[in-house]
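Reader: Could you take me through one part of this structure slowly, as if we were looking at it together at the bench? I'd like to know how its strands are put together and what their side chains reach.

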Amino acid sequence: MNNQLLIKEKLQAKLEKIQTKSDGSPVTDLQLDKTLAEEIEQLTTELESVNPNLNPLLYATSLLEGAWQLQYSTAREIRFLISLPLGLKLGKVYQVIDVANKLFFNLAKVKHSLGLVSGYVKVTASFEPAKEDLEPPANKRINVYFDKRYLSIEKIVGINTPQLNPFKVVPANNPTNRTATLDIIYLDETLRIGRGGDGSLFILSKSDDLPDFTSSI
């Protein structure tokens, strides 16, 4: 077994260990023991050093395409979703990428702990390769431009509510006085690791359980 696969297996074993929830919701560093969070950070750094696709925006766009499920993150927005009020709980979180049109959306499933209501939050965005991405390894950074935020209720006490899907559409927030960026620091057929412009970490696995994603972007 080569070093890349060995490190990847170690990281995936850590992720499986912390994925104790049956709903598949992502885990954040604030939910973990500090030592375990540091071990995950170290393994991602090691995996980045053996990234098989150093220039994903040039030579691996086919791997980026499609639906990805978020497994772990240190991002502020994911930490917020983990701590929703009023008995609401975060479910699976996806990122769905349309490379040809340079579009993607983030979709976070949400449900009440007693099953009273379920729905989702979706944020649409466009992206482009960052023009300032000149240092090696090149072509791994994208600029992100958030567009709209959709708030949707799919069911209330088990009854479909198409009139509330969505019930609110508002402009999405972009950072003030800067452009949001994401560095793709590791990419293969089943695993993607990214870092936001603020250093936040995102670990995602390729997913096939989000149907008809192309029509939803």
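**Around strand β4**

Author: Happy to. Let's begin at a turn: strands β4 and β5 make a hairpin with 4 residues between them, and within that turn Gly115 has a positive phi of about 75 degrees. Please keep in mind that this is a predicted model.

From the turn, look along the two strands. β5 covers residues 117–129, and β4 pairs with β5 in the antiparallel sense over 9 bridges. One place to find this on your screen is Phe105, whose bridge partner in β5 is Thr124.

Now turn to the other neighbour of β4. Strand β3 (residues 88–98) runs antiparallel to β4 (residues 103–112), and 9 bridges join the two. Here a handy marker is Gln95, which has Asn106 in β4 as its bridge partner. β3 and β4 also form a hairpin with 4 residues between the strands, where Lys102 takes a positive phi near 55 degrees.

Next come the side chains. In a regular strand, side chains alternate between the two faces of the sheet. With that in mind, let's take Phe104 and then Phe105.

A search of the whole structure finds 1 aromatic pair. Its members are Phe104 and Phe127, with ring centres 6.3 Å apart and 40 degrees between the planes, a tilted arrangement. Phe104 belongs to β4 and Phe127 to β5, so this contact links parts of the chain 23 residues apart. Phe104 counts as buried because its relative accessibility is 5%. Phe127 is buried too, at a relative accessible area of 11%.

Phe105 has a charged companion instead. The charged end of Lys122 sits over the ring of Phe105, 5.1 Å from the ring centre. That charged end of Lys122 also sits over the ring of Tyr150, at 5.0 Å from its centre.

Further along β4 you reach Lys109, which makes a salt bridge with Glu154; their closest N and O atoms are 3.5 Å apart. Since Lys109 lies in β4 and Glu154 in strand β6 (residues 141–156), the pair ties together parts that are 45 residues apart in sequence. Lys109 is partly exposed, with a relative accessible area of 29%, and Glu154 counts as partly exposed at 25%.

β6 can lead us onward. Arg141, in β6, forms a salt bridge with Asp183 in which the closest N and O atoms are 2.6 Å apart. Asp183 is in strand β9, and this pair links places 42 residues apart. The two ends differ in burial: Arg141 counts as partly exposed at 29% relative accessibility, whereas Asp183 is buried, with a relative accessible area of 12%.

β9 is a good place to finish, at the nonpolar core. The largest nonpolar core has 27 residues, and Leu187 and Phe202 have the most contacts inside it. β9, residues 180–187, supplies the largest share of this core, 4 residues. If you click on Phe202, you will find that it touches residues including Leu70, Ile78, Leu182 and Ile193. A second, separate core of 18 residues includes Leu15, Ile40, Tyr72 and Ile193.

So, for a tour on your own screen, start at Gly115 in the turn between β4 and β5, follow Lys109 across to Glu154 in β6, and then use Arg141 to reach Asp183 in β9.

Note on methods
Residues are numbered from 1 along each chain as its sequence is written. This is a predicted model: local features need pLDDT of at least 70, side-chain atom pairs count only at pLDDT 80 or more; totals for chains, interfaces and linings use all residues. Side-chain values use heavy atoms; hydrogens and water are left out. Two strands pair if DSSP finds at least two bridges between them. Rings of Phe, Tyr and Trp (its six-membered ring) pair if their centres lie within 6.5 Å; planes under 30 degrees apart count as stacked, over 60 as edge-to-face and the rest as tilted. Buried means under 20% relative accessible area, exposed over 50%, partly exposed in between (1.4 Å probe, protein chains only). A charge sits over a ring if NZ of Lys or CZ of Arg is within 6 Å of the ring centre and within 35 degrees of the ring normal. A nonpolar core is a set of buried Ala, Val, Leu, Ile, Met, Phe, Trp, Tyr and Cys residues joined through side-chain atoms within 4.5 Å. Contact means heavy atoms within 4.5 Å. A salt bridge is a side-chain nitrogen of Lys or Arg within 4 Å of a carboxyl oxygen of Asp or Glu. Lists of a residue's contacts leave out its neighbours within four places in sequence.
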